[in-house]
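Biologist: Could you take me through one part of this model up close, strand by strand, and then work outwards from there? Keep it casual, but don't skip the residue-level detail.

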Amino acid sequence: MKMKNNNENKKIFIKSYGCQMNVYDSKRIKNLFEVRGFEETNQIENADLVILNTCHIREKASEKVYSDIGRINNLKKIQSKKKNFKLVIAGCVAQAEGEEIKKRSPSVDYIIGPQAYHKLPDIIGTDDNIVNDEFLQHEKFKNLLFKSSNDVSEFVTVQEGCNKFCTFCVVPYTRGSEFSRPVEEILNEIKIYSNAGNKEIILLGQNVNAYHGVNKNNKQADLAYLINCISEIDKIKRIRYMTSHPIDMTESLIKCHGDNKKLMPFVHLPIQSGSNTVLKKMNRKHTVKHYLNIVEKLKSYRSDIALSSDFIVGFPGEEDEDFDETMKLIDKVKFVIAYSFMYSPRPGTPAANKKQINIEIKKARLYALQTLLKEQQKDYNKSFVNNKIEVLFDRQGRHSNQYIGRSVYNQSVFIESDCNLIGSIKKIRIKNSTDFALEGEINEK
């Protein structure tokens with residue numbers, strides 16, 4: 001029997017793990033249930049429906065899901081009077097470990113992968129304990145609902161999946177092959193947000209620069225074409241994109257950073273290692289030289305462009321000489337921010353079967369790498385002190401009259417103001433810097 005429509009007093013709690021794409025998916029899940037009468041709650045104990053939208057990239061992320069399931073089991077006992085209380089595991093852990101979840105956590109009512117969550121409203125209330133792990137990208141986006149969250153900045157998924165098969169990564173197995181949404185479909189979604197006051201769009205994809213959706217003439221278009229189309233929407237003032245793969249950084253996209261004033265001068269371009277030997281073991285399909293050529297081209301079109309990256313230390317087979325090459329690369333490029341991790345094997349990936357490096361060696365390398373990256377970020381932020389920069393304010397801070405926004409280079413900037421600054425772009429004079437943020441004051445001159 002399918003779910004009844006009498007859900008006026010039902011409440012839904014959604015928790016997102018991991019990447020920004022999961023945040024986007026969670027918003028779409030919420031939209032699907034809103035039209036069924038569900039109201040979102042931030043208090044899990046008040047919920048009739050709990051959805052954990054999971055990430056499978058890191059080992060600790062998936063284990064945290066099982067830990068949360070255990071806590072919710074206790075809640076389910078308390079909530080036993082609510083006969084329709086349901087627990088759903090969605091996302092990449094559901095895709096990769098559906099049968100394992102059923103074995104380890106029989107209290108879970110429904111398990112559904114990231115490409116089939118559009119089916120959730122019709123699945124809830126059925127008698128079947130479903131593991132739905134189909135890859136239905138084409139069908140999914142046609143059945144989603146798009147409502148503005150009234151945020152200043154909105155994530156928009158334009159590309160999903162991956163064909164690269166890096167030996168450390170589970171994404172091709174949890175998100176499927178590369179799929180790109182049509183240009184007009186994306187523009188229609190963004191117009192909903194812009195009409196509600198949104199100022200910034202952040203385009204998302206596992207390999208967002210591999211975007212190849214069709215335009216209104218049914219011809220394939222690349223990411224640069226899509227960005228230029230979005231920039232024609234007057235109310236959208238800023239455009240960003242993430243995450244990119246080096247082999248998909250086309251000449252047109254690089255050039256777009258010089259030509260399109262709405263495209264922010266910030267690129268997140270993961271390299272993972274500065275050693276060609278390790279890159280080959282990772283199956284990254286590019287070399288250090290190729291990566292550095294991209295950096296050089298980007299700076300030739302936009303000299304002030306800021307670069308961030310991802311690094312994995314302690315990958316199987318990484319020698320001291322390989323790690324030294326990574327440190328040299330970091331010193332050469334001067335990343336404004338980077339995300340770094342010790343390698344952790346993911347079941348089902350080729351690298352998981354390789355001989356693993358001693359944990360103490362991993363920790364030592366990670367500490368050295370993060371120390372260098374932190375110094376670079378600190379120096380970069382310090383260079384803005386006494387200079388002016390445009391900031392888009394998107395939220396209130398923890399303190400009274402404090403507002404927080406993002407610079408064009410994606411730095412967090414906070415100031416004090418008696419006026420509500422949310423949604424406004426202001427020229428700010430930077431008066432102080434920290435390792436992770438800038439402090440400023442309004443300076444419109």
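Modeller: Let's start where β17 meets β19 (residues 437-442): the two strands run parallel and are joined by three bridges. Keep in mind that this is a predicted model. If you want one pair to click on, take Phe414, whose bridge partner in β19 is Glu439. Glu439 is also the bridge partner of Asn432, so to speak a handy landmark when you look at the other neighbour, β18. Strand β18 (residues 425-433) pairs with β19 in the antiparallel sense, over five bridges, and a hairpin of three residues links β18 to β19.

Now go to the other side of β17. Strand β16 (residues 402-407) is paired with strand β17 (residues 412-416) over five bridges, in the antiparallel sense. Gly405 is a good spot to check there, since it stands opposite Val413 in β17. Put the pieces together and you get a closed barrel of five strands, in the order β15-β16-β17-β19-β18, with mixed pairing. From one strand to the next, the twist averages 55°.

For contrast, look at the open sheet. It has three strands in the order β7-β10-β11, and the pairing is parallel. β7 (153-157) and β11 (238-242) are the edge strands, each pairing on one side only. Neighbouring strands in this sheet are turned by 20° against each other on average, with direction ignored. Between β7 and strand β10 (residues 200-204) there are five bridges in the parallel sense, and Thr157 stands opposite Leu204 in β10. Helix α7 (residues 183-195) lies across β7 and β10 and runs at about 165° to β7.

Next, the nonpolar packing. The largest nonpolar core has 75 residues, and Ile51, Leu203 and Tyr241 touch the most other members. Helix α8 (residues 223-230) is the top contributor, giving six residues. Leaving aside residues up to four places away in sequence, Tyr241 touches Leu203, Val208, Leu223, Ile227, Met249, Leu253, His257, Leu263 and Val267. Another core, of 19 residues, lies apart from that one and includes Tyr17, Val50, Ile89 and Ile101. As a general backdrop, nonpolar side chains in soluble globular proteins tend to be buried together.

There's a helix pair to look at, too. Helix α12 (residues 320-333) packs with helix α13 (residues 359-382) at an angle of about 5°, and their axes are 10 Å apart. That is why α12 and α13 count as roughly parallel to each other. From α12, the residues at the contact are Asp320, Phe323, Thr326, Met327, Ile330 and Asp331. On the α13 side they meet Arg365, Ala368, Leu369, Leu372, Leu373 and Gln376. By type, the contact residues of this pair come out as seven nonpolar, two polar and three charged.

One last stop is His118, in the loop between β5 (110-112) and α4 (120-123). His118 has 9% relative accessibility, so this residue counts as buried. Its C-alpha atom is separated by 8.4 Å from the C-alpha atom of Arg28, although His118 and Arg28 are 90 residues apart along the chain.

Definitions and conventions. Residues numbered from 1 in each chain as written. Predicted model: local features only at pLDDT ≥ 70, side-chain atom pairs only at ≥ 80, totals over all residues. Heavy atoms only, no water. Core = buried A, V, L, I, M, F, W, Y, C linked by side-chain atoms within 4.5 Å. Buried < 20%, exposed > 50% of the residue type's maximum accessible area, 1.4 Å probe, protein only. Helix = DSSP H or I, 4+ residues; strand = E, 2+ residues; numbered from the N terminus. Contact = heavy atoms within 4.5 Å. Axes fitted to C-alpha atoms, helices over the stretch in contact; angles between N-to-C directions. Parallel < 35°, antiparallel > 145°, perpendicular 65-115°, else oblique. Nonpolar A, V, L, I, M, F, W, Y, C, P; charged D, E, K, R; others polar. Pairing = 2+ DSSP bridges.
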